[in-house]
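Open the model in your viewer and keep the selection panel at hand. This tour goes from one interface to a symmetry axis.

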There are 4 protein chains.
Amino acid sequence: MKMIIDTDAGIDDAEAIMMALANPHVEIVAITCVSGNTRAKQVTRNVLRILNICNRLDIPVYLGSEHCLAGDDWKKDGFHGSDGLGDAPDPENTPDESHIKSEMAVNALIRYVNEMKGELTLVTLGPLTNIALAMRLDADFSSKLKEMIVMGGNYQGRGNIVLGAEFNFYFDPVAAFAVLNECQCPVTIATWETCCDYDNMPSYEWFKKWSNQPTEKAKFIRRIREQQINKSLIPIEGRYFRSCDTVAMAAVLLPDVIVESVKKYATVELNGTLTRGQMVIDWREKLKKSHNVNIIIKINRDLYLDLMWKALE
Amino acid sequence: MKMIIDTDAGIDDAEAIMMALANPHVEIVAITCVSGNTRAKQVTRNVLRILNICNRLDIPVYLGSEHCLAGDDWKKDGFHGSDGLGDAPDPENTPDESHIKSEMAVNALIRYVNEMKGELTLVTLGPLTNIALAMRLDADFSSKLKEMIVMGGNYQGRGNIVLGAEFNFYFDPVAAFAVLNECQCPVTIATWETCCDYDNMPSYEWFKKWSNQPTEKAKFIRRIREQQINKSLIPIEGRYFRSCDTVAMAAVLLPDVIVESVKKYATVELNGTLTRGQMVIDWREKLKKSHNVNIIIKINRDLYLDLMWKALE
Amino acid sequence: MKMIIDTDAGIDDAEAIMMALANPHVEIVAITCVSGNTRAKQVTRNVLRILNICNRLDIPVYLGSEHCLAGDDWKKDGFHGSDGLGDAPDPENTPDESHIKSEMAVNALIRYVNEMKGELTLVTLGPLTNIALAMRLDADFSSKLKEMIVMGGNYQGRGNIVLGAEFNFYFDPVAAFAVLNECQCPVTIATWETCCDYDNMPSYEWFKKWSNQPTEKAKFIRRIREQQINKSLIPIEGRYFRSCDTVAMAAVLLPDVIVESVKKYATVELNGTLTRGQMVIDWREKLKKSHNVNIIIKINRDLYLDLMWKALE
Amino acid sequence: MKMIIDTDAGIDDAEAIMMALANPHVEIVAITCVSGNTRAKQVTRNVLRILNICNRLDIPVYLGSEHCLAGDDWKKDGFHGSDGLGDAPDPENTPDESHIKSEMAVNALIRYVNEMKGELTLVTLGPLTNIALAMRLDADFSSKLKEMIVMGGNYQGRGNIVLGAEFNFYFDPVAAFAVLNECQCPVTIATWETCCDYDNMPSYEWFKKWSNQPTEKAKFIRRIREQQINKSLIPIEGRYFRSCDTVAMAAVLLPDVIVESVKKYATVELNGTLTRGQMVIDWREKLKKSHNVNIIIKINRDLYLDLMWKALE
Ligand SMILES: [Ca+2]
Ligand SMILES: [Ca+2]
Ligand SMILES: [Ca+2]
Ligand SMILES: [Ca+2]
């Protein structure tokens, strides 16, 4: 499987990228960076750190859009630390910015889909700014993708960053709106509620065992997760350990991970005071539109945790 | 239990009112009418028909607000027919409008709560216009109620009249916003999703048995439901017979009907393009506000159907 | 002329009320109070102070709505001081609250228009909450008025309290929307831009002469304007002394005050982020609606200042 | 003066481009095309027709974004005809699409500003989509421009395409918001009201004389204006002949054309129902932001008409 990952790395982005890197059937063609959990420029540094830990600096990394489409100021929520990776110490020799390609992410995305028409799987782990931009510069961009897997949105009106909206969609609602309404390849979505369903998620105890594997990768994860644990940002009881981006990645790496899903027409609220960025679903087919997303409802936790485990081996 | 019912009757309103009338422990102090399923004036006629069938024309009926607070045009959705009661023939001697009290509904509401401070249960089966108006004319209105039960809103972003909102809240979002944010008595809500959960609902077969009881009341229900069945507006397979207003009424008549509920702070989106009128819930207590609603999640169907059955006996 | 004044008094409200009281052809039937420059309850006290200074405590005063229709919290802007009248000392024997009528303002408004059908001129100097409420309780309320004069709104997108909206309309946009869209009597509007046009306004020097008249009324105005001058809230150079509510009052007392006006269909933006509460005008008759307002553009300053002068004599 | 023109040509765009071509001091480096009056692809054809008439096919033409940023459907208003140039016959040998450069407009824009840092004047005659995209792909794009002249927006809340907004800003409000809020070079705006002020505009009689010059260019203008005249879309009495884009072009070609202008902070309403796309101005410096636009209020009509005249000579 040929894959491009668009990311705002992000702790769970790191985990998802490592899951993909650990999979023998995946060829990561490129990683494109976008503002979200931290600024796009810092995201490129974070991606280099992740690739370095995994000895995969050969994968090209591209800098994408610094601002969301409307250009609102970058909104910090602190969950991933000020640098996006838990403000952890960085003892490794993290590669410098000379490893970042000079081509702009959007142009690289367009070039790759043209070079590998119909072959590329696009996994988006952050706001959809780069993807919407690529669709504006090349109106046929999305039709040349094999499929797209998106972490973002919500299907029951539950929010995290604000009452009604999930972070990635809230951060750039205009881009999410454009991508959902215009994308010409199949789109699968792992939403916030998918990742909140405790039936889908492992326990904190599992997390501890997982991140205590005797590998460099596990050590890295322990380090970037440490601040969240110390600050009690993640619950340590019940099945509430959450790594949203890995759910999306697992679903594309192993389709059997998806146990229940629903195909609907979904769009994005652009104007609400409390619901700006909320994914809105036409459950009753009032608009008579074809479905544009496959929303993941239930996952096979065993298969998911197996993929998680292998990510750090 | 002393009860005032505010209604936009409405077929399921009729069923809910009959359920209350059938209950020996309930004293219906007054019925106030509001625009919603049909115009307020027509609602008063419908209520008289219902009371007449049940030989309870002694209950005072009041005309309330013709328009929602912002005064948008009245929106027809056709589900309840053009007269709100399925455009059914009306062979009975329906009482004329002289039976409607001359006092305005809002003033009657304020008078009753002052006469029976802390004793009144208010059940709202339509848009919340009258209640919001009463709160504006008497800032302490809601603090003098014992409790309020509301049919309206949604807790998972599912809509009926539009993609994101339930009819009663969509019809007057400003009133719903005011009532949720300012009400000073306990508020219990039966939402659209509560009434969509097939575990909570009876089957069409049950409906047929129920409405075939050999009583005048059952004959009346058959008649006002007929158009919906003929026009295939309600599904006749599966557990999808739905009578929203009776869920709210059952929950107040017999608290054991509520099997699962959740207390949260809920408010209403006033500005969305797709979500105007959506109930928005602070699931994660981001706003640090006290809960203002008790949202019914699951009901005991057996108890509910028992109350339904008795309504037509 | 039989007049009811609805006010959020307010310093310029005080000046407008005094202008009306000074006019031999006006009979002030009642004054109704609404939240705006200060809370409704404080407004009633302010009105009693004004009436007391003018020896007109015989005029009945009514308490209206404490909250705007949607019930947003009361927004303070400080311009009129914390009590609405410049936090000035109050050496007079201001009458106590027993002078406030027990009837609610909205019911009093409805009663008066029914008693004096077609005879009453309604002058609104604050948010339109009470008027919208009266229209909801009595759908024919506005058709029984002779005319309405409104201080509020804007016709060139200029705001004061926020970038795009004028205070009275911003404070209760839902009420302003309802009144403009449903009012069945002629409506004349003195907007924010009307009162900002320096051709329409007097100079600070004029204000000093005006408020230095040797009368109790002038002394009162000096006292309640003092804080604004000390805090440099009003400019003391150029023709920028502004008393918005008196422009509306002058226009109704002496129609020749209006030199230029334009009849258009106007409505109110309910949903904007920057423009919530803005008056929006159909300059090019795109909607093919009849005009619903007469917007005052230019006034005769000499006639206006003459009425101002007499207010304090 | 080195100039790039971004256009949605458009009849008045044609006139503005011809005005620039007629000016001996202007070097038109490139013309970039965007959807607006007609679709981007058709715009490229229209630009080729205009350049052909003027024998300037040497100027490179680039295809830009087909959709506005949020991707709303293309909105037709018919004013410029279905092809954007009055559906006029096209007897000339209009060049085929092989004359369109293969480089995307956004990339060309970025390349040019980097090749000619600080030297380029950007004149935008359509929606700001291309410019916003260039700012997203190169965060320093606008800082490398000498200046930008924009036809678009409004400064008194008057709209054309809708009640509250001007066409170019309404067509892509997100782009207009981004450009106004982030542009790092001086921005001058010719707004809708600037072009509506009859003091600024010529009469229909002048238009007839102007377009009856015995030149190919004048013949072309007569032809593309004919449909508007036949359909009575433009008034033929009074000083109401309006050519918005030429006002912006004239202001940059000859700064003395600007007789009155005002520097303010301006932004764009993204969420209004009636005011989406309205330019909102901080007249009273409430936000304490530096000014970001120079709004043209009055122009010197004689100088303007002289430039117009020369455009067709
Ligand atoms: Ca992420
Ligand atoms: Ca109902
Ligand atoms: Ca006032
Ligand atoms: Ca144009």
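Start where chain A meets chain B. This is a predicted model, and across the interface of chain A and chain B the rule finds zero salt bridges. For that rule, look for a side-chain nitrogen of Lys or Arg within 4 Å of a carboxyl oxygen of Asp or Glu.

Stay on chain A and select the side that touches chain B. By class, it holds 11 nonpolar, 11 polar and six charged residues.

Now turn on polar contacts. Between chain A and chain B, 14 residue pairs are in polar contact, both partners at pLDDT 80 or more. Next, colour two strands of chain A: β8 (266-268) and β9 (279-281). Each supplies at least two residues of the side of chain A that touches chain B.

Select both sides of the contact. Chain A gives 28 residues, and chain B gives 28 residues.

Show the surface. How much area is buried between chain A and chain B? The figure is about 2,100 Å², with carbon and sulfur atoms giving 54% of that area.

Move on to chain B and chain C. Superpose chain C on chain B. A turn of 180 degrees, with a shift of 0.0 Å along the axis, lays chain C on chain B with an RMSD of 0.0 Å. The two copies are therefore related as by a two-fold rotation axis.

Which surface do the copies use? The same one serves both: 100% of the contact residues of chain C recur in chain B.

Last stop: centre on Asn271(C). Of the residues of chain C, Asn271(C) comes closest to the rotation axis, with its C-alpha at 2.6 Å.

Note on methods
Residues numbered from 1 in each chain as written. Chains lettered and ligands numbered in written order. Predicted model: local features only at pLDDT ≥ 70, side-chain atom pairs only at ≥ 80, totals over all residues. Heavy atoms only, no water. Contact = heavy atoms within 4.5 Å. Buried area = accessible area lost by both parts, 1.4 Å probe. Polar contact = N/O pair within 3.5 Å; in protein donor to acceptor, adjacent residues only side chain to side chain. Helix = DSSP H or I, 4+ residues; strand = E, 2+ residues; numbered from the N terminus. Nonpolar A, V, L, I, M, F, W, Y, C, P; charged D, E, K, R; others polar. Least-squares fit on C-alpha atoms with pLDDT ≥ 70 in both.
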